[in-house]
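User: Please take a close look at one part of this model and explain how it fits with its surroundings. I am new to this structure, so keep it brisk.

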Amino acid sequence: NIGAEILSGKTPMGGLAEISAYDAYTYAHSVDVCALSVAIGHEKNLSHTTLVKLGIGSLLHDLGKTQIPLEILNKPGELTGEELEKIREHPTLGHHMVRNDFDEEISPLAAQIILNHHERFNGSGYPNGLSNSELSKFDMICGIADMYNAMTTDRVYRKALPYSEAYEMLLGSAGNYFSIDVVQAFAQVVEPYPLGTLVRMSNGK
């Protein structure tokens, strides 16, 4: 069971417990992003060992948010420039935590995902403005899973987008925010109209 393997180490369990104790949304989001990242990785035929590393990095991708004040993290209104800069520190903070604050060594691949999950293919991301070949498929798998879950979840400052709308927007990000192959794998895994969704067809029904 890949989920059990992901949670078998001291670092994943300790990091997830820290997230859970700090913020309920970030905890649920982290679990969801992990599950979607592993599904996309499976679609790309990654090895079992690599899927576990991808899962650990994705599970802990927002660990650095435990170092961001909750009044900023869950602010209902628009963030100030200073507050936005603080939020944008979380990949670096999380990377520092897993490399320095936990006793159990975490794989370089998982640590890299934590640092790079907000980097974008076109160089518009953060914290280091990496682009194209500077990013791995693992960074972008977690990145697209993170963006999709954030877009389709209610937050204090905005309502969730419909699944189909978020799906279409992310398909349009191919070659811009994410590499084409990662977006294609995402499209194979995610249903734009999950079971139970009401859909109005072209004939009006």
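Analyst: **Helix 11 and its surroundings**

Five residues of helix 11 are buried: V182, V183, A185, F186 and A187. Buried means under 20% relative accessible area, exposed means over 50%, and partly exposed lies in between (1.4 Å probe, protein chains only). Helices are DSSP runs of H or I with at least four residues, numbered from the N terminus. The model is predicted, so local features need pLDDT of at least 70 and side-chain atom pairs pLDDT 80 or more, while totals for chains, interfaces and linings use all residues. Residues are numbered from 1 along each chain as its sequence is written, and side-chain values use heavy atoms, without hydrogens or water.

What do the buried residues of helix 11 pack against? They pack against helix 3, helix 9 (137-151) and helix 10. Contact here means heavy atoms within 4.5 Å.

Take the partner helix 10 (residues 163-171). The axes of helix 10 and helix 11 are 10 Å apart, and the angle between them is about 155°. Axes are lines fitted to C-alpha atoms over the stretch in contact, with angles from 0 to 180 degrees between N-to-C directions. Helix 10 and helix 11 are therefore roughly antiparallel, a label for angles over 145 degrees.

Which residues meet at this contact? Helix 10 brings Y167, L170 and L171. Helix 11 brings V183, F186 and A187. By class, the contact of helix 10 with helix 11 has six nonpolar residues, with no polar and no charged ones. Nonpolar covers Ala, Val, Leu, Ile, Met, Phe, Trp, Tyr, Cys and Pro; charged covers Asp, Glu, Lys and Arg; the others, including Gly, are polar. V183, F186 and A187 are also among the buried residues of helix 11. A general rule helps here: an α-helix has 3.6 residues a turn, so residues three or four places apart point the same way.

Now look at the segment after helix 11, where P192 is found. Is P192 buried or exposed? P192 counts as buried, because its relative accessibility is 19%. Leaving aside neighbours within four places in sequence, P192 is in contact with Y163, S164 and Y167. Y167 is one of the helix 10 residues that meet helix 11. P192 also lies 8.0 Å from E168, C-alpha to C-alpha, although 24 residues separate the two in sequence.

Helix 11 (residues 180-189) also holds D181. The side chains of D181 and K44 meet in a salt bridge, at 2.9 Å from N to O. A salt bridge is a Lys or Arg side-chain nitrogen within 4 Å of an Asp or Glu carboxyl oxygen. The pair links distant parts of the chain, as K44 and D181 are 137 residues apart. K44 sits in the loop between helix 3 (24-43) and helix 4 (48-59). Side chains of opposite charge can pair when their charged atoms come close. Both partners are partly exposed: D181 at 34% relative accessibility, K44 at 23%.

N45 is in that loop between helix 3 and helix 4 too. N45 is not a glycine, yet its phi is positive, about 60°. Most residues other than glycine have a negative phi. N45 counts as exposed, because its relative accessibility is 68%.

How many salt bridges does a search of the whole structure find? The search finds five. Among them is one between E89 and K86, at 3.6 Å from N to O. E89 is partly exposed at 33%, and K86 is partly exposed at 31%. Another joins K159 and D154, at 3.5 Å from N to O. Here K159 is exposed at 63%, whereas D154 is partly exposed at 44%.

For comparison, consider another helix pair. The axes of helix 7 (residues 90-101) and helix 8 (residues 108-116) come within 7 Å and cross at roughly 155°. That makes helix 7 roughly antiparallel to helix 8. By class, their contact has six nonpolar, three polar and one charged residues. P91, T92, G94, H95, V98 and R99 from helix 7 meet P108, A111, I114 and L115 from helix 8.

Back to the picture as a whole. The buried residues of helix 11 pack against helix 3, helix 9 and helix 10. D181 of helix 11 is tied by a salt bridge to K44. After helix 11 comes the segment with P192, which is in contact with Y163, S164 and Y167.

Conventions: Helices (H or I, at least four residues) and strands (E, at least two) are DSSP runs, numbered from the N terminus. Angles under 35 degrees count as roughly parallel, over 145 as roughly antiparallel, 65 to 115 as roughly perpendicular and the rest as oblique.
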